[in-house]
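Subject: Handing over the structure

Dear colleague,

Below is the structure I said I would pass on to you, and after it I have set out what was found there. Please keep it open while you read, so that you can look for each part in turn.

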Amino acid sequence: MDLIATTSDLAAVCARLAKHPVITVDTEFLRETTYYPLLCVVQMASAEEAVVIDTLAQGLDLKPFFDLMADEKVLKVFHAARQDIEIVWHQSGTIPHPIFDTQVAAMVLGYGDSIAYDQLVERICGHRPDKTHRFTDWSRRPLSAEQMHYAVSDVTHLREVFAALDADLKKRGRSEWVSEEMEVLTSPKTYDFHPERAWERLKTRVRKPKELAVLMEVAAWREQEAQSRDVPRSRVLKDDAVGDIATHAPTSLERLANLRSLPKGFDRSKWGADIVAAVQRGLARDPASLPKIEKPRGNSNGAAIVELLKVLLRMTSERHAVASKIIATVGDLEDIAADDNADVPALHGWRRELFGEAALSLKQGRLALAIEKGRVIRVDRA
């Protein structure tokens, strides 16, 4: 176990790792007090060695690491890779490729929805990793021997997990399913997030075009402010406050001061005028330029179709030993219930073959569900 703290040592270890067809990778980072995650540690392993990189070491240039992440000859294995990829993308402008995500592979193989790393290791390797340092402050130096051991064990266990999952995927003929998911996970579009789309993250329900326009402008302002100050969005403005502003659309500091969701005196801060300006920009937007507000699907027939699709999804998940969450979401089912040509993952690729065609057949009456000997079964109808 080596701690890499200089650029020359990092270049040497990356050159060695680049000779292997497969390496395992994990990162430790903090983002509780920042907008962008602070990368603190990277750990990697090949079949022959495991290393820990002190990414906060003074004078360390991470370019050799980023080059390795982009090396097409080396498969990079992660568990729950999205945040790791986001960090590399933010710091280098490149996305690791090719990759293999053991969490996605486990879902495809029926280990459940979004299985945690320690649970997966326990099921495959027979022992549960020590997660004592899961919530440790990885920015503090020096790193302790226990932290080093924890970091290394993550990528060494990952070698065994990958080997087992990869063999099972090939045995069941599902390797291409995971490959499809990896292409989405490594697409720049997945990480190219713009402030004008910040409103899409909010769960706030808006009912009128005016409310949506204000929501879009205020959410975009908050996103830009959080990025420029490198603080979490909630440090700028909490989600419920953004929704409250969208609903009431205060066009003056006096009206802004009347909102209970804002801290007392917020209207007198330097951000009060910014928010009022964002509200005014929203009210000035052309309603025709706004996205359509999705009307709630309140009719009982549509709800009944969704419930039937949920039963079919569960049957499909159990029959093929694939996590239901990776086949289709509730949102997918609602969209399918409303539209046979819905542009949802469940109606594309391997998901359509596994579930989507049957879902459409059920909706169109070509397939029925029945109970036989206490079990729900599929009945094909002529």
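Which residues does Ser361 touch, not counting residues up to four places away in sequence? Leaving aside those sequence neighbours, Ser361 touches Arg366 and Leu367. Ser361 itself is placed in helix α17, which covers residues 349-363, and with a relative accessibility of 13% Ser361 counts as buried. Please bear in mind throughout that the model is a predicted one.

The overall picture

The secondary structure of the protein comes to 17 helices and eight strands. Taken along the principal axes, the C-alpha atoms fill a box of roughly 70 × 60 × 35 Å, and the accessible surface comes to about 20,200 Å², with 50% of that area belonging to carbon and sulfur atoms. Of the 382 residues in the protein, 47% are buried. If you take the contacts between residues at least 6 apart in sequence, 62% of them join residues that are at least 24 apart.

The nonpolar cores

The largest nonpolar core holds 76 residues, and the members that touch the most other members are Leu10, Met44, Phe65, Ile326, Ile327 and Phe355. The largest share of this core, seven residues, is supplied by α17, the helix in which Ser361 is placed. Apart from this core lies another one of 31 residues, which includes Leu202, Leu212, Leu215 and Ala241.

Phe65 is a good residue to select on the screen, and its contacts, not counting residues up to four places away in sequence, are with Leu10, Cys14, Val25, Val42, Met44 and Val88. Two of these names, Leu10 and Met44, also appear among the core members that touch the most others.

Another residue to look at is Thr316, which is placed in helix α14, covering residues 300-320. Is Thr316 buried or exposed? Thr316 counts as buried, because its relative accessibility is 4% and the cut-off for buried is under 20%. Again not counting residues up to four places away in sequence, Thr316 touches Ile327, Leu354 and Phe355.

Strands β2, β3 and β4

Strand β3, residues 38-45, is mostly covered, with seven of its eight residues buried. On one side of the pairing, seven bridges join β3 to strand β2, residues 22-30, and these two strands run antiparallel; in this pair, Leu30 has Leu38 of β3 as its bridge partner. Strand β4, residues 50-54, is joined to β3 by five bridges, and this pair also runs antiparallel. Here Met44 stands opposite Val51 in β4, and the two strands form a hairpin with four residues between them.

Strands β7 and β8

How many bridges join strand β7 to β8? There are six, and strand β7, residues 367-372, runs antiparallel to β8. Along this pair, Ala368 stands opposite Val379 in β8, while Glu372 has Arg375 as its bridge partner in β8. The strands form a hairpin with two residues between them, and Lys373 in the turn has a positive phi of about 55°.

Lys373, which lies in the loop between β7 and β8, counts as exposed because its relative accessible area is 84% and the cut-off for exposed is over 50%. Between the C-alpha atoms of Lys373 and His149, which are 224 residues apart along the chain, the separation is 53 Å.

Val376 is placed in strand β8, residues 375-380, and Val376 counts as partly exposed because its relative accessible area is 36%, which falls between the limits of 20% and 50%. Together with Val311 and Ile371, Val376 forms a nonpolar patch on the surface, and the accessible area of the three residues together is about 260 Å².

When you go through the structure yourself, you might begin with Ser361 and its contacts with Arg366 and Leu367, then turn to the core around the contacts of Phe65, and finish at the hairpin of β7 and β8.

With best wishes

Key: Residues numbered from 1 in each chain as written. Predicted model: local features only at pLDDT ≥ 70, side-chain atom pairs only at ≥ 80, totals over all residues. Heavy atoms only, no water. Patch = residues over 30% accessible without salt bridge, like charges linked within 9 Å, V, L, I, M, F, W, Y side chains within 5 Å. Areas by Shrake-Rupley, 256 points an atom, 1.4 Å probe, with all protein chains shown as cover. Salt bridge = Lys/Arg side-chain N within 4 Å of Asp/Glu carboxyl O. Buried < 20%, exposed > 50% of the residue type's maximum accessible area, 1.4 Å probe, protein only. Contact = heavy atoms within 4.5 Å. Pairing = 2+ DSSP bridges. Core = buried A, V, L, I, M, F, W, Y, C linked by side-chain atoms within 4.5 Å.
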